[in-house]
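Got your viewer open? Here's a short walk through the model, one selection at a time.

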Amino acid sequence: MLKVKPVAVDRLPALLQLMPKAELHMHIEGSLEPELMFALAQRNGVAMAYEDVEALRRAYVFDDLQSFLDIYHAGTLVLRTEQDFYDMAHAYLARAAADHVVHTELFFDTQTHTGHGVSVEVVINGLHRACVDAQAEFGMSASLILCFLRHLSEEAAFECLEQVLPLRDKLVGVGLASSEMGHPPEKFARVFARCRALGLRLVAHAGEEGPPAYIWSALDVLKVERIDHGVQAMKDSALMARLVKDRIPLTVCPLSNLKLRVVSNLAQHNLGQLLQAGIVATVNSDDPSYFGGYINQNFTETFAALALTAQDAYQLAHNSFEASFIDEAQKRAFQDRLASTFETFQ
Ligand code: HPA
Ligand code: ZN
């Protein structure tokens, strides 16, 4: 690992901005900004429950994950056509490119949209076209991870999988999102086994609000390769040892944890402790339109609150490539670019 030369605190935000990085935990529906939401509502003749953009933004105050999911779900009602999904993803990819995200793996779900009468083809073809165009337009790679909704049944997840199978080549993997408490990973054991047999890469949200036991079962029952959030792992030292030994990455989302009251303030966030323990932690934005910031905002606010260093920045960006589902040669190429950014930074 590169030994990074110290960087003055006032220069750290510039370095955090400039360093190439991968974003691996971002729900594309959670990137839909109020301005675009109103524009799509108008384009599609969908009524909005809020007067204007400011009134909508004022409603973005949450008590916990569920209170967020309710408002997030309402926001998805404006998405009707393939072009809507393209426009939403294109807006995120442009924003991420400005933050020097060079690779991203986007979460989306189809169950929300099919529940509104929108087909899986509309969703996936729109998102996938935006991912393909991002390479030419922003020099950025982007792939798609389908999240099953865990508050629904395993049978519903199987139905979802059957619908998307003809589009399987447009997906890199599957994940598990939505209300965590009361919906442990093992509820989806069979559908994840089937996805594994299909060669899909596996991730799951676990240990955001839920207990370490959910992280154990995501690993041992679902056999996931990454844990989304996972910040509750620190309550279980045997689990921490397992995550370190097997280099299981955690995709941590500090501003999400703050806004959903997983932590009461950023100074209490355990990102620094996770790194110290040798966990392959990464920084991500989760639902940037709702949680007050894209990936670099997550980096800069968390670094300021926890007094993290340039060495930590390098480690987190290095981890983001290690944790990604790109091939080994591409990982090395991004990590080399990262090292040269740090070596030449003044
Ligand atoms: N947790 C679970 N489900 C989600 C989230 C999250 O943070 N964001 C969007 N869906
Ligand atoms: Zn998430």
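One cut-off to carry along: a residue is called buried under 20% relative accessible area, exposed over 50%, and partly exposed in between. And keep in mind that this is a predicted model.

Try that out on histidine 100. You'll find it in the loop between helix H5 (82–98) and strand E2 (101–108). Its relative accessible area is 30%, so histidine 100 counts as partly exposed. Now check the backbone: phi of histidine 100 is near 60°, a positive value in a residue other than glycine. Why stop for that? Because most residues other than glycine have a negative phi.

Next, select ligand 2, the zinc ion. Which atoms hold the zinc ion (ligand 2)? Show the side chains of His25, His27, His205 and Asp286: the histidines each bring NE2 and the aspartate brings OD, at 2.1 to 2.2 Å. If you like to read it off the sequence, the donors of this zinc ion follow the spacing H-x1-H-x177-H-x80-D. Turn the site around a bit. The angles between its 4 donor atoms run from 83 to 174°, so the arrangement around the zinc ion (ligand 2) is irregular.

Stay with those ligating residues for a moment. Are histidines 25 and 27 buried or exposed? Histidine 25 has 0% relative accessibility, so it counts as buried, and histidine 27, at 7%, is buried too. Aspartate 286 sits in the loop between E8 and H14 and is buried as well, with a relative accessible area of 2%. Here's another backbone to check: phi of aspartate 286 is near 65°, positive in a residue that isn't glycine.

Step back to serine 285, in the loop between strand E8 (281–283) and helix H14 (288–291). With a relative accessible area of 0%, serine 285 is buried. Leaving out residues up to four places away in sequence, serine 285 touches Glu23, His25, Met26, Phe291, Gly293, Tyr294, Ile295 and Asn298.

Now switch on cavities. There are 2 of 30 Å³ or more, and the largest has a volume of about 140 Å³. Of its 17 lining residues, those closest to the centre are His27, Leu69, Ala177, Ser178 and His205. Two of those names should ring a bell: His27 and His205 are also zinc donors. Colour helix H4 (65–75) and strand E3 (141–149), which each supply at least two residues of this lining; H4 gives the most, with 4 residues. By type, the lining of the largest cavity divides into 8 nonpolar, 5 polar and 4 charged residues.

For the second largest cavity, about 40 Å³ of space, select Val4, Lys5, Val7, Leu15, Phe342 and Phe345, which line it. That lining comes out as 5 nonpolar, no polar and 1 charged.

On to helix H10, residues 212–222. Its buried residues are Pro212, Tyr214, Ile215, Ser217, Ala218, Leu219 and Leu222. What do they pack against? Show strands E4 (173–177), E5 (201–206) and E6 (226–229), plus helices H9 (189–197) and H11 (237–245). Just after H10 comes lysine 223, with a positive phi near 65°.

Last stop: alanine 241, in helix H11. Its relative accessible area is 46%, so alanine 241 is partly exposed. Draw a distance from its C-alpha to that of lysine 21: the two atoms are separated by 26 Å, and the residues lie 220 apart along the chain.

Notes
Residues numbered from 1 in each chain as written. Chains lettered and ligands numbered in written order. Predicted model: local features only at pLDDT ≥ 70, side-chain atom pairs only at ≥ 80, totals over all residues. Heavy atoms only, no water. Donors = N, O, S within 2.8 Å, 3.2 Å for Na, K, Ca; no water. Tetrahedral: all angles 85-135°; square planar, octahedral: opposite > 155°, others 65-115°. Buried < 20%, exposed > 50% of the residue type's maximum accessible area, 1.4 Å probe, protein only. 1 Å grid on protein atoms, 1.4 Å probe; cavity = no way out; pocket = protein on both sides within 12 Å on 5 of 7 lines; lining within 4 Å. Points joined across faces, edges and corners; volume = space filled by probe spheres on them. Nonpolar A, V, L, I, M, F, W, Y, C, P; charged D, E, K, R; others polar. Contact = heavy atoms within 4.5 Å.
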